[in-house]
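Reader: I would like to learn how to read a structure of this kind, feature by feature, before I use it in any calculation.

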Amino acid sequence: MTETFDPTTVPIKAAATVMMVRDGEPGLEVFMLRRTGKASFGAGMYVFPGGRVDDADHADEIAPFCDGLEDADASAQLGIDHGGLAFWVASIRECFEEAGVLLAERRDGEPLDLGDGERHAVHDGELSMVELCRRHDLVLDLSTTHYVDHWITPVGEKRRFDTRFFVTEAPAGQEGLHDDKETTDSLWVSPQKALEMHEAGELLMMPPTVYNLGRLAQSATAADAVAAGEALTDVACILPKLRSIDGGKISIALPGDADYDTLK
C-alpha cells in the first residue's frame, strides 16, 4: 500500500550557500555550478556552492581555526540562540567541496597548496575540516564572508531546507571548478548575464538564486557587492508558497504577491 505524502512532516534541514564574487572583464562576476540531473534536490539547476550544515560543522574543535567571528555574534546575526558559526563553516566547506576554492589562509602567510585529493576526501567524509586545518595550519577568516539572505523551502516539497545565503570575494589565485560528482558544469558570469540566460531558458534556476542574482546585479564590483552584504543588519526570512496553475503545474508565490496570504 502506497503511503500518502504528508507535507507537514517533512523535516527542515539547515543549509548554507555562498555567492563567491570577483572582478572580471565584464565587471562583477559570480561563480555558479550546475547540479547533476540525478540530484535529489534542484536537479539540473544552476546554483551557488552550498549544501546542508553537517554535525561536524558545529564541532568545538573547529573554533580555534576560525578568526574574525565568534559563535555568539554569528548566532545573533542569524537570529538563533547558538550554533551560528556552523553556517559560516559549512559555507566554506561546501565551497571547497563543490568549487575547489578554499576560503582560508595559512598562518605563516605562505600560499595554499591543496590538491584535488584533499578536496574529494573532505567531500567524501574521509577528511574533516578540522583535520585539513591542522594539516596545513589554516585559518578560516570568517570576517570576509557576510550573511545576506534567508530562504525556507515551501511546504509541499519533499525535501525542505532552511538556507542562509552569504557573499564573499573569491581569493586570488583560485579559479573554481565543478566536482563532476554533485555538479557537472561551472562558470563565472555577470549577475545580469545570468539573469538574461535564465530568461532565455539557458540556465535553469530556483527562485532564491534568481532573487539574489538580482541583488548582486546592483553592484558594479566585487568590493561593492561585499560591502553591500556587510551593511545588511536585518535579514528577513522568505518563505515561498506553492500555488497550482493551469494544467496541474506549480508556481511559486512570494511575500508581497496578491495571493500570498490566501495560500496555505
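Author: The dialogue below takes up confidence, strands, helices, a salt bridge and a loop residue in turn.

Reader: Where should I begin, and what is the mean pLDDT of the protein chain?

Author: This is a predicted model, in which local features need pLDDT of at least 70 and side-chain atom pairs count only at pLDDT 80 or more, while totals for chains, interfaces and linings use all residues. Residues are numbered from 1 along each chain as its sequence is written, and side-chain values use heavy atoms, with hydrogens and water left out. The predictor's confidence in each residue is its pLDDT, from 0 to 100, and where pLDDT is low, the predicted coordinates should not be read in detail. Here the protein chain averages 89, with 94% of the residues scoring at least 70. Among the elements, which are DSSP runs numbered from the N terminus (helices are H or I with at least four residues, strands E with at least two), helix H3 (residues 116–123) has the lowest mean pLDDT, 86, and strand E8 (residues 146–152) the highest, 97.

Reader: Which strands does E1 join by bridges, starting with the one that runs parallel to it?

Author: Two strands pair if DSSP finds at least two bridges between them. Strand E1 (residues 12–24) runs parallel to strand E9 (residues 160–169), and 10 bridges join them, with Thr 17 standing opposite Phe 165 in E9. E1 also pairs in the antiparallel sense with strand E4 (residues 50–52) over three bridges, where the partner of Thr 17 is Gly 50. Four further bridges connect E1 with strand E2 (residues 27–35), again antiparallel; Arg 22 has Glu 29 as its bridge partner there, and a hairpin of two residues leads from E1 to E2.

Reader: In what order do the strands of the three-stranded open sheet lie?

Author: The order is E5-E7-E6, and the pairing is mixed. Strands E5 (66–67) and E6 (105–106) stand at the edges with a single partner strand each, so one side of each has no neighbour in the sheet. E6 pairs with strand E7 (residues 138–141) in the antiparallel sense over two bridges, and Glu 105 has Val 139 in E7 as its bridge partner.

Reader: How should I describe two helices that pack, and at what angle do H5 and H6 cross?

Author: Two packed helices are described by the angle between their axes and the distance between the axes. Axes are lines fitted to C-alpha atoms, for helices over the stretch in contact, and angles run from 0 to 180 degrees between N-to-C directions. The axes of helix H5 (residues 191–199) and helix H6 (residues 207–216) come within 8 Å and cross at roughly 145°. The contact (heavy atoms within 4.5 Å) is made by Pro 191, Ala 194, Leu 195 and His 198 of H5 together with Val 210, Leu 213, Gly 214 and Leu 216 of H6.

Reader: What is the N to O distance in the salt bridge of Glu 97 and Arg 93?

Author: Side chains of opposite charge can pair when their charged atoms come close. A salt bridge is a side-chain nitrogen of Lys or Arg within 4 Å of a carboxyl oxygen of Asp or Glu, and by this rule the count comes to 13. For Glu 97 and Arg 93 the N to O distance is 3.0 Å; both lie in helix H2 (residues 85–99), four residues apart, about one turn of the helix.

Reader: Where does Leu 177 lie?

Author: Leu 177 is in the loop between E9 and strand E10 (183–189). Its C-alpha is 8.1 Å from that of Val 101, although the two are 76 residues apart in sequence.
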